[in-house]
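Look at the model below and turn it slowly. The paragraphs that follow go through one helix, one cavity and one pair of residues.

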Amino acid sequence: MSNFKPESIAVFIHIPKTAGTTLHLVIERQYNPQNIISIHTTAQNANEINRLGNASLKQQQKIKVIKGHTFLGWHQLLSRSCTYFTLLRDPIDRAISNYFFLRKSKDHPFHQRLKEEKVSLEDFVCWAGEDNYQTRFLAKNINEANLDIKNYPCTRETLELAKNNLKSNYAVVGTVEEFDKTLILLKKTFGWQNIYYEVKNKNKQRLSKDSIPQTTLDLIRDKNQFDLELYDYANELLHGLIEDQGYLFAQQVEDFKNINSSKLGQLSAYILSSAKKVQKIINFS
């Protein structure tokens, strides 16, 4: 399996709170840091659009990866082929995770508001733009004049656009809940080598779904109906990709899980990640 061409740019559309930190480290292991564009916030997109849009063809040719909180459409902006991939997450889990992440992240703009106003999880999921966040994110295009994904209504039309984007533009649509299977598909698609990992940026202070009152879960579900539909659709696409791999795929995933959870896999992930940090220091010093 591989519809990725060497001249194409691999583009990881990272929806916040969808295991992106872990996947970023795997991606960074595969490429020279000088060939990677990392976009850490949605606000950063404007600067990158201007910088890369005005770059010469020679400069653009150096780009092998664009990754981060960015959107579909880089192939139109750069006039280069792009191979997109993303992960979605169970919308209820994602909403809970996002709330507790913001509560502990003192440098995030929302942290102080949550603290001062004593915002509950129920209050937070009712904030404007927090509903159907994944649908909003995947319906957006980098070439739109307004990249704010929160200050507009999310409708069924938005959902259909997001679904069409996934079907028409993404080589791999994975999920957090099927992370290992998604990772194997990405390895096959892009020809990656060592993909062993350890989970990063996991918030140990968040409550589990089982600890949340049912009334709160029902509220989150009600506020994220489009995300729930989109998540189901993403799973359909993912399972279709998995079926295309044939009967050996299940064993490949199982073998990977066994090695990744072993001391050998964790040591390999640590050594390679450390080597990449050294390479980044050398390249940018």
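Contact here means heavy atoms within 4.5 Å. Helices (H or I, at least four residues) and strands (E, at least two) are DSSP runs, numbered from the N terminus. This is a predicted model, in which local features need pLDDT of at least 70 and side-chain atom pairs count only at pLDDT 80 or more, while totals for chains, interfaces and linings use all residues. Residues are numbered from 1 along each chain as its sequence is written, and side-chain values use heavy atoms, leaving out hydrogens and water.

Start with helix α2, residues 45-53, whose buried residues (under 20% relative accessible area, 1.4 Å probe, protein chains only; exposed is over 50%, partly exposed in between) are Asn-45, Glu-48, Ile-49 and Leu-52. These residues lie on the same side of α2 because they cover an arc of only 105° around the axis, taken from the directions from the helix axis to the C-beta atoms. They pack against β2 (36-39), α3 (57-61) and α4 (74-78).

Next comes the cavity. On a 1 Å grid over the protein atoms alone, a cavity is a set of points where a 1.4 Å probe fits but cannot get out, and lining residues have an atom within 4 Å of a point. The largest cavity is lined by Arg-94, Ala-95, Phe-124, Val-125, Glu-130 and Asn-224. Helices α5 (91-104) and α7 (121-125) each supply at least two residues of this lining.

Last, Glu-160 is found in helix α9 (residues 156-169). Glu-160 is partly exposed, because its relative accessible area is 37%. Glu-160 and Phe-226 are 66 residues apart in sequence and 9.4 Å apart in space, C-alpha to C-alpha.

Terms used: On a 1 Å grid over the protein atoms alone, a cavity is a set of points where a 1.4 Å probe fits but cannot get out, and a pocket is an open set with protein on both sides within 12 Å along at least five of seven lines; lining residues have an atom within 4 Å of a point.
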